[in-house]
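This briefing concerns a predicted model. Two topics are covered in turn: a sheet with its packing helices, and a pocket.

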Amino acid sequence: MNESNKTQISNTQISLEKNAQIGLITIDYPPVNALSQMVRQGIVDGVEQFENDDDIKVIIIRCKSKTFVAGADIKEFGKPPTAPFLPDVVNRIEASNKPIIASMFGTSLGGGFEVALACHYRVALENSKVGLPEVNLGLIPGAGGTQRLPRIVGAKKALEMVTSGKHYSATALNEIQLPQDSDSHRFLFDALFTSDKDLDQATIDFVQGLIDSNSLQLNRVGENTINQEDIDWDAEIKKVSKKARGKLAPTVAAKVLFETRDLSIADGMNYERAEFLKLRESEQSAALRFAFGAEKKAAKTNFSAEPLAVNKVGIIGGGNMGSGIATAFLSSGFSVQLIEQNQQALDAGVSKIKANFESNVKRGRMTSAAAQNLLANLSSATDYQTLSDCELVIEAVFEDIEVKKSLFTQLDKICRDDCVLATNTSYLDINEIASVISNPSQMIGMHFFSPANIMKLLEVVRAEKSSEQALATAMAVGKRLKKVSVLVGVCFGFAGNRMYTRYGREIQQMLLEGASIEQIDRAMTAWGMAMGPLAVQDLSGIDIGHNARSAQPFPDYDPGYFRAAAVMVENQRLGRKTGQGFYRYDENGKPQSDPQAAALIQEKAQELKVEQKTFTDEDIVERALLALTSEGLKLFAEGIVQRLSDIDVIWLHGYGFPRHKGGPMYQARQMGATKLTEALKQLQAKNGELIWPDVDVSLLQEN
Ligand code: 3HC
């Protein structure tokens with residue numbers, strides 16, 4: 001573009017240029033071109049300036065860096081809103097007397113998608129994604145998303161998109177066939193360009209075509225009515241509400257779509273905005289916004305070392321964990337070398353990996369061809385020498401320190417000098433494992449959660465001698481795997497399982513004191529936990545935690561007695577795998593209350609002369625959460641985690657903590673130091689030494 005065509009720069013986040021009859025508004029506000037006050041003002045200024053310019057026939061809104069606008073500026077939430085407000089900006093775009101084209105790529109989300117919906121044309125790269133993810137932040141779209149989207153894609157698809165908050169592929173959305181009587185007559189995108197195209201040039205060519213053919217139109221979506229389709233709104237709202245499991249925003253979004261379906265765009269937007277503003281002030285939205293920020297922080301480390309480039313990963317062990325880890329790596333395009341002790345175990349591991357991919361294909365997560373392509377990167381062997389060219393090797397073998405030490409002694413002789421050696425142990429002392437290799441700085445923990453191809457959490461464990469490069473490599477690999485990676489230190493159970501043990505310990509004690517299995521699980525799930533703690537123990541196997549605690553890998557750390565669990569193990573009630581644990585499982589695998597389990601616990605309580613109490617659901621939740629909080633503060637004080645908010649991230653992604661409640665440490669912060677101290681003291685007075693009463697609550701002020 002010729003310098004002379006540059007027109008007055010609107011502000012530092014937006015520039016305006018003229019290209020013959022086309023006015024270009026370019027947003028350049030990295031990293032995601034969020035709609036800050038300056039960006040909003042710049043768009044309005046640009047539209048007005050080009051409207052008043054007789055040379056200009058059409059306006060393009062486009063972005064620099066890696067994406068079209070990804071939404072309202074989250075950093076501005078919590079501050080007093082400043083004009084121009086986004087609904088006014090989008091309405092100003094739609095009202096323009098010259099057609100405006102959105103030129104989209106990357107992820108056009110939330111307010112960014114709302115800007116595009118108000119434009120008179122939308123063009124995009126085929127691999128772009130769009131979505132209204134506001135519900136993930138406890139919000140609903142606040143600038144016409146619930147109004148313009150159904151006017152294009154129909155009420156049914158809009159309901160799905162607005163309440164799920166998912167990102168949708170531009171190509172897939174453009175295949176939506178609207179019913180014949182729709183007065184929209186248009187697809188969401190007016191043109192999609194293959195991803196190898198220069199989008200700026202393709203958009204200019206598209207616009208020039210419209211000018212040359214004299215076919216420019218002011219397509220104002222807001223002037224359309226909504227295609228009602230055949231929707232049982234009552235049933236749909238109930239479905240959304242059930243799926244939301246305590247989150248308010250999805251249900252509010254569905255109700256807004258229902259209540260405004262016959263309204264004009266202006267009335268509909270007023271209704272939407274009022275609901276948006278109410279949600280923006282809600283506790284849930286504050287917690288969900290906190291969770292978003294906490295995840296971004298958790299990924300940050302201050303390592304000066306560059307990560308090692310990883311292409312080939314060795315995975316030792318083809319059991320559930322190993323095959324899940326292998327699936328995760330293959331799915332992200334890594335080459336995987338799977339190792340097992342013998343051919344039979346190896347075949348079983350490979351079959352599990354294939355089954356994981358088949359399940360993804362069946363669920364529509366990938367095509368069969370894509371699955372075959374990824375699986376082509378899998379090699380399997382019983383010979384450890386095949387690991388010699390791996391940049392990263394992860395062991396997922398039996399949880400036994402001697403087995404692991406002997407394995408790493410062997411790997412030390414085979415692997416490249418710079419190969420990062422990782423153990424997936426859940427409880428063992430990584431420093432002790434590292435002591436057997438010649439360069440312990442290459443050794444780290446990579447603690448995946450089961451099923452490893454599904455669960456988002458990855459604890460990257462820093463042992464005493466782990467090098468920054470080894471840790472940076474694991475964090476970078478975690479990002480490529482699309483995991484939420486959190487850096488933690490070595491201790492019993494690292495951050496997550498150590499807290500889970502404290503929580504479990506309290507649950508066990510409440511069982512002995514007279515709370516029933518069913519009441520505990522009901523109280524915790526009603527509060528928002530994804531599963532009851534006792535149902536979780538049955539699922540993962542009661543013997544797993546029992547054996548880990550009994551092995552006492554960290555003699556200085558006392559995980560406490562789990563007497564009810566011990567009784568279950570003594571009676572071969574190991575959980576789902578033996579058909580009975582805290583519950584009994586019927587032939588369909590459905591849990592049933594089992595008086596025998598209750599009787600075993602009662603017998604133990606009598607034998608130990610445990611005083612019996614009556615529990616309310618609130619008592620149970622309070623005690624369980626305070627146990628978590630006190631252990632979390634202790635972990636932070638010991639430097640096991642970098643930030644308190646890292647603990648929240650761990651609990652949100654590894655243990656089913658309700659996201660709209662922010663996490664255990666977020667909850668403690670909301671309670672405040674004074675109340676927390678009081679509650680811990682009271683609980684300790686009532687229940688003995690179980691909860692750490694003297695943790696430093698002033699640490700709640702820290703990040
Ligand atoms: N506002 C401000 N900053 C944002 C942002 C936003 N909407 N979205 C992302 N960022 C920041 C992140 O905090 C991060 O900052 P950092 O580098 O300082 O940590 C940086 O952008 C990069 O983000 P990611 O690490 O997440 O980058 P990815 O490439 O993995 O993902 C993304 C990019 C898909 C855009 C992802 O960041 C995302 O999902 N963002 C949230 C989008 C969203 O929720 N938009 C709706 C906002 S609400 C709204 O628009 C209301 C309206 O209806 C009125």
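Strands β10 (residues 312-316) and β13 (residues 392-395) run parallel and are joined by four bridges. Within this pairing, I315 is positioned opposite I394 of β13. The points below set the two strands in their wider context.

**The sheet**

- The sheet is open and mixed in its pairing, with eight strands in the order β12-β11-β10-β13-β14-β15-β16-β17.
- The edge positions are held by β12 (378-381) and β17 (484-489); each has a single partner strand, so one side of each lacks a neighbour in the sheet.
- From one strand to the next, the twist averages 25 degrees.

**Helices on the sheet**

- Helix α12 (residues 320-331) lies across β10, β11 (335-339), β12, β13 and β15 (443-448), and its direction is at about 170 degrees to β10.
- Helix α17 (residues 468-480) also packs on the sheet, where it touches β13, β14 (420-423), β15, β16 (457-462) and β17.
- The direction of α17 makes about 175 degrees with that of β16.

**The second largest pocket**

- The second largest pocket holds about 290 Å³ of space.
- Its lining comprises 14 residues, of which W527, E622, L625, Q667 and M671 are the closest to the pocket centre.
- Two or more lining residues come from each of α24 (617-637) and α26 (664-671).
- The greatest contribution to this lining is that of α24, with seven residues.
- Classified by type, the lining of the second largest pocket contains eight nonpolar, three polar and three charged residues.

How values were computed. Residues numbered from 1 in each chain as written. Predicted model: local features only at pLDDT ≥ 70, side-chain atom pairs only at ≥ 80, totals over all residues. Heavy atoms only, no water. 1 Å grid on protein atoms, 1.4 Å probe; cavity = no way out; pocket = protein on both sides within 12 Å on 5 of 7 lines; lining within 4 Å. Points joined across faces, edges and corners; volume = space filled by probe spheres on them. Nonpolar A, V, L, I, M, F, W, Y, C, P; charged D, E, K, R; others polar. Pairing = 2+ DSSP bridges. Axes fitted to C-alpha atoms, helices over the stretch in contact; angles between N-to-C directions. Contact = heavy atoms within 4.5 Å.
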